[in-house]
Amino acid sequence: MAISTGVGFYRLPYSPLRAPLRRYILQVRLGYADAVDAFDDTKSHKVFDSVSGGSDANGEALEWKKLKSKDLGISTSKISRPTRIVLNGLRKRGFEVYLVGGCVRDLILKRIPKDFDVITTAELKEVMRTFSRCEMIGRRFPICHVHIDDTIVEVSSFSTRATKFGRELSFDPERPDGCEERDYARWKNCLQRDFTINGLMFDPYAKLVYDYIGGVNDIRKAKVRTIKPANLSLTEDCARILRAVRIAARLGFGLSRETALAIKKLSASVLRLDRGRLLMEVNYMMAYGSAEASLRLLWKLGLLEILLPIQAAYFVGSGFRRRDKQYNMLLSLFSNLDKLLAPDRPCHTSLWFSLLAFHEALSEVPRDPLVVAAFSLGVHNGGDLSEALSIARRINKQHDISFQELTESKYIDSDKLLAEVRSLAASVQSALTRMTDEYSVSQAMAQYPKAPYSDLVFFPMALYLRVRKIFECVKSGRERGFVPKHGSKIDYELLGMGSLREVRHVFARVVFDTIYPIDDQLEE
C-alpha cells in the first residue's frame, strides 16, 4: 500500500470551504441504509454536515458513517493468517490497528483480497521492535514490510508524513470543531488515498467499517471515483491513471464521468513513469484474470496507443471502435486466458507477452488454422513437430471463421505444412523484435496523424529473451530433455514463476480454446 499525499491540501478556514476540497468531500453518499450505525455523538453529524456543505447531489444530509461489518457481509475468515499475526501482535502492545484500502473493498465484495494493508497508531520504529523480521522501506512515504513465513504484510503508521528532499509534502485540513481525535486521524488518512472505494478502514476487533468519503456507496454503484477532484488527483500521481483502469477492469466497475474525462485529458502523463513501474502496472492488468477488460478500457480511454501502439494499430485497422462490444481475435485470446487466471492465481509476464507477439504475427500474415494448431502443439511439446503435425491433422472440429487472422482451411501436404509452421515461428520472433524496438513501435500508429506519438518500449531484454525461448523449439527442433505437460491441471505456483513447461502448456491451451471455441451446447 502506498499513500500518495502530494501538495493538494491547504490549511483551510473552517467555513466556507474552497471549491476543490468542497467537491471531493461532497463525494460522500448515503448507502446501505440498513447497515449504517451512526455515531452516538450527534455533534459529529453536524460537524461533517458543515464541512461537506450540508447535502449531497440528491439533497440528502451527509454524515460520517461507521457500519457494522456483518451488515456489509464481511467475513473475517478471509483475513489471511500472516495478517492476523501482525494485527494481533500490534494490538497486544496496546496499539490500534485497522485494515485499510483495497482489501476492505474486496472483503465487502466477498472477494479474496490479493493482499492486506495494515495501518496502526504505532510509530514505524515500534512496529520494527514488535516483529523480528521487519524492514522499513520507502523514502517519500516510509512503510514497514513485516515478513511472516513467505508472506509480506505492509504496515503504515498514522503518524507518517510524506516527504521530499526532507520536507513534508502534505498539509492537514482544518480539524472541525467537536471532532474527536480518532475520527480526525482516520478521516485525514482517508483523504490522502486515491479512490473512494479504497478509502475505507476496517477494525476487525470492533467489527466496524469507517466510511468518511462515500466509499461504500460507490461500491454499491460500482464506480471508481477519485477522492480529490480528478484532475488534481491524477496530476499529483499519474500512476493513479493506470490503477483506475486496473481496478475498474478487475472489478467490472465503471469510472465516474469526472475521472474518465481526466484520464483522457492526462493520458500522456503516464509516460513520466519509469519503465519498470509501467511494466508492473500493465502486468497487474494482464496477468490476474482481467486482461480482456483492461484492453477494452485502455482502448476506450486513449491509453492503448500510448502503452501498446502495435495493438492499438490492430484495433484501428480492423475497424474496432472505442466503445465496441464485439470480439476480435486479440480480445478472444485474452478472454480465454482470463478464464484460467484469478487475482490469487496469476500468470508470469512472459505468457501474456507471448500471446501479444503470437497475435501480432498472425495479424501481419494470416495463416491456415491447421498451421496455427500444429504450431501451438509444437510449442507445447517442446518442438516435436512430427508429433504436432500428426495430432493437428486429426482435428475434425470447425475453427472460428470470424477471425480475419485465419485463412480458409484447405489441404496442405506434410512438407508444406512443416515449412508453414516454421514460417509462423519466424514471424512470431520478428513480431517480438518489432514490439521491443522503439522505431518499429513509433511507426505503428504513424498513418493515423491524430494519434499521440509513442515509441514507448517497457519490455526489458530479459523478458524478450524469455519469450523467445518459448518459441525457439519450433524453429530449431525438439529440445533435449524437455518433457511436455500432460493433463489439463495447471500448477499455478509454477505458472506464476514462469516455468517454461507450464507457460507453454497454458499458451497452447489458450490458442486452441480461441481457434476452436468450446461448443457450450455440446458441453452441456
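Two strands pair if DSSP finds at least two bridges between them. Helices (H or I, at least four residues) and strands (E, at least two) are DSSP runs, numbered from the N terminus.

This is a predicted model, in which local features need pLDDT of at least 70, side-chain atom pairs count only at pLDDT 80 or more, and totals for chains, interfaces and linings use all residues. Residues are numbered from 1 along each chain as its sequence is written, and side-chain values use heavy atoms, with hydrogens and water left out.

**Whole chain**

Start with the full chain, which has 24 helices and 13 strands. Of its 524 residues, 56% are buried; buried means under 20% relative accessible area, exposed over 50%, partly exposed in between (1.4 Å probe, protein chains only). Contact means heavy atoms within 4.5 Å. Of the contacts between residues at least 6 apart in sequence, 71% join residues at least 24 apart.

**Strand β3**

Select residues 97–100, strand β3. V97 and L99 point one way and Y98 and V100 the other way, and all are buried. Add strand β4 (residues 117–120): four bridges join it to β3, and the two run antiparallel. Here Y98 stands opposite I119. Then add strand β10 (residues 200–203), which is antiparallel to β3 and joined to it by two bridges. L99 stands opposite F202 of β10.

Keep Y98 selected and show F158, Y210 and Y212 with it; these residues form one aromatic cluster.

**Aromatic pairs**

Rings of Phe, Tyr and Trp (its six-membered ring) pair if their centres lie within 6.5 Å; planes under 30 degrees apart count as stacked, over 60 as edge-to-face and the rest as tilted. The structure holds 16 such pairs. One of them is Y184 with W187: the planes are at 45 degrees, so this pair is tilted, and the ring centres are 6.2 Å apart. Both residues sit in helix α6 (residues 181–191), three residues apart, about one turn of the helix. Y184 is buried at 8% relative accessible area, and W187 is buried at 2%.

Next, select F353 and F459, a stacked pair with 4.0 Å centre to centre and 15 degrees between the planes. F353 belongs to helix α16 (residues 349–364) and F459 to the loop between α20 (438–443) and α21 (461–476), so the pair ties together parts that are 106 residues apart in sequence. Both F353 and F459 are buried.

**Arginines over rings**

A charge sits over a ring if NZ of Lys or CZ of Arg is within 6 Å of the ring centre and within 35 degrees of the ring normal. Select R296 with Y327: the arginine lies over the ring face, 4.8 Å from the ring centre. Select R322 with W299 for another case, at 4.0 Å from the ring centre.

**Two loop residues**

Go to E405, in the loop between α18 (385–393) and α19 (414–435). E405 is buried, with 1% relative accessible area. Leaving out residues up to four places away in sequence, E405 touches Y314, M329, H359, L362, S363, P366 and R367. Its side chain makes a polar contact with the side chain of Y314 at 2.6 Å. A polar contact is a pair of N or O atoms within 3.5 Å; within protein, one must be able to donate a hydrogen and the other to accept it, and residues adjacent in sequence count only if both atoms are side-chain atoms.

Finish at T226, in the loop between β12 (223–224) and α8 (230–236). T226 is buried at 0% relative accessibility, and its side chain reaches the backbone nitrogen of A230 at 3.4 Å.
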